[in-house]
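The following exercises introduce a single protein chain. Each sets a task and then works through a solution step by step.

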Amino acid sequence: MPSNSAVEPIVRPKPFSPALTIARSLSLLACALLAACSTPRMSDPLDIDVIVAVDANQHSPFAFELVYVFDQAALARLPRTSAEWFQPRPPDAYPGGSIRSWYYELVPDLNMRISPPAPHGAVAVVGYADYIDPAGQPMIDLTGYRKVTMRFGRDRVDLSGER
């Protein structure tokens, strides 16, 4: 078998160049920064002060669920009352991450702050309080608030805050 020692390599290593190394590094840094700017980031969290009256929900603990909605189709399918929201539903009712929720158990005479992370891209934020009295059960629209105080009273929920 003949030797290939007379054949030159096609690729030759280039001599080290500090200027070229710096240029390549800066180019990679610029690409990383551009990619970071176009990547969806978490927006500011919604700060919620929760004030539960002593006689809230007829002196009974209740469930509260905060729901972030990511598309208009899911928003259109949301129940308009808490009674409907807390009913069992099929696993595919909100497919593909179209909603994300946080569940809380609230008790009378409670004051607390909740501040779940606000995922980027939410089109609406709503809440459901599972009150005994149907009058206290409409969907609570929190869309557009940055800071909100939710006052859970005997048979209804009142909102005040900053948009």
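**Exercise 1. The aromatic cluster**

Which residues do ring pairs link into a cluster?

*Solution.* The model is a predicted one. In it, ring pairs connect Phe62, Phe64, Tyr104, Tyr131 and Phe152 into a cluster. Across the whole structure, the search finds seven aromatic pairs. One of these joins Phe62 and Tyr131, with 5.0 Å from centre to centre and 70° between the planes. Planes over 60 degrees apart count as edge-to-face, and the pair of Phe62 and Tyr131 is accordingly edge-to-face.

The next step is to place the two residues in the chain. Phe62 belongs to strand β2 (residues 62-69), while Tyr131 lies in the loop between β5 (124-129) and β6 (140-141), so their pair ties together parts that are 69 residues apart in sequence.

The last step concerns their cover. The cut-off for a buried residue is under 20% relative accessible area. Phe62 has a relative accessibility of 2% and therefore counts as buried. Tyr131, also at 2% relative accessibility, counts as buried too.

**Exercise 2. A tryptophan and its partners**

Determine how the rings of Trp85 and Tyr94 are arranged, and find the charged group that sits over the ring of Trp85.

*Solution.* The ring centres of Trp85 and Tyr94 are 6.1 Å apart, and their planes meet at 40°. This aromatic pair is tilted. Trp85 and Tyr94 are both buried. The charged group belongs to Arg89: its charged end sits over the ring of Trp85, 3.8 Å from the ring centre.

**Exercise 3. The open sheet**

Establish the order of the strands in the four-stranded open sheet, and then describe the surroundings of β2.

*Solution.* Begin with the chain as a whole. Its secondary structure consists of three helices and eight strands. Along the sequence these follow the pattern α-β-β-α-α-β-β-β-β-β-β.

Now consider the sheet. Its four strands are arranged in the order β3-β2-β5-β6, and the pairing is antiparallel. At the edges are β3 (99-106) and β6, each of which pairs on one side only.

The bridges of β2 can then be followed to each neighbour. β2 and β3 run antiparallel and are joined by eight bridges. Among the residues involved, Phe62 has Leu106 as its bridge partner in β3, and Glu65 has Tyr103. Six bridges join β2 to β5, again in an antiparallel arrangement. Within that pairing, Tyr68 stands opposite Val125 of β5.

Finally, examine the cover of β2. Eight of its eight residues are buried. On one side lie Phe62, Phe64, Leu66 and Tyr68, and on the other Ala63, Glu65, Val67 and Val69, so that both faces of the strand are covered.

**Exercise 4. Salt bridges**

How many salt bridges does the model contain, and where does the one formed by Arg113 lead?

*Solution.* The count comes to two salt bridges. In one of them Arg113 pairs with Asp49, the closest N and O atoms being 3.0 Å apart. Arg113 is in strand β4 (residues 110-114) and Asp49 is in strand β1 (residues 47-52), so the pair links distant parts of the chain, 64 residues apart.

Accessibility can be checked for each partner. Arg113 counts as exposed because its relative accessibility is 53%. Asp49, with a relative accessible area of 27%, is partly exposed.

Another salt bridge is formed by the side chains of Arg156 and Asp158, at 3.2 Å from N to O. Asp158 is partly exposed, with a relative accessible area of 34%.

**Exercise 5. Positive phi angles**

Is Asn57 buried or exposed, and is Asp109 buried or exposed?

*Solution.* Asn57 lies in the loop between β1 and β2, and its phi is near 50°, a positive value in a residue other than glycine. At 2% relative accessibility, Asn57 is buried. Asp109 is found in the loop between β3 and β4. Its phi is near 65°, likewise a positive value in a residue other than glycine. Asp109 is exposed, with a relative accessible area of 55%.

**Exercise 6. The chain as a whole**

What share of the residues of the chain counts as buried?

*Solution.* Of the 163 residues, 31% count as buried. The accessible surface of the chain comes to about 10600 Å², and 59% of this belongs to carbon and sulfur atoms. Among contacts between residues at least 6 apart in sequence, 69% join residues at least 24 apart.

Note on methods. Residues numbered from 1 in each chain as written. Predicted model: local features only at pLDDT ≥ 70, side-chain atom pairs only at ≥ 80, totals over all residues. Heavy atoms only, no water. Phe/Tyr/Trp six-rings, centres within 6.5 Å; stacked < 30°, edge-to-face > 60°. Helix = DSSP H or I, 4+ residues; strand = E, 2+ residues; numbered from the N terminus. Buried < 20%, exposed > 50% of the residue type's maximum accessible area, 1.4 Å probe, protein only. Lys NZ or Arg CZ within 6 Å of the ring centre and 35° of its normal. Pairing = 2+ DSSP bridges. Contact = heavy atoms within 4.5 Å. Areas by Shrake-Rupley, 256 points an atom, 1.4 Å probe, with all protein chains shown as cover. Salt bridge = Lys/Arg side-chain N within 4 Å of Asp/Glu carboxyl O.
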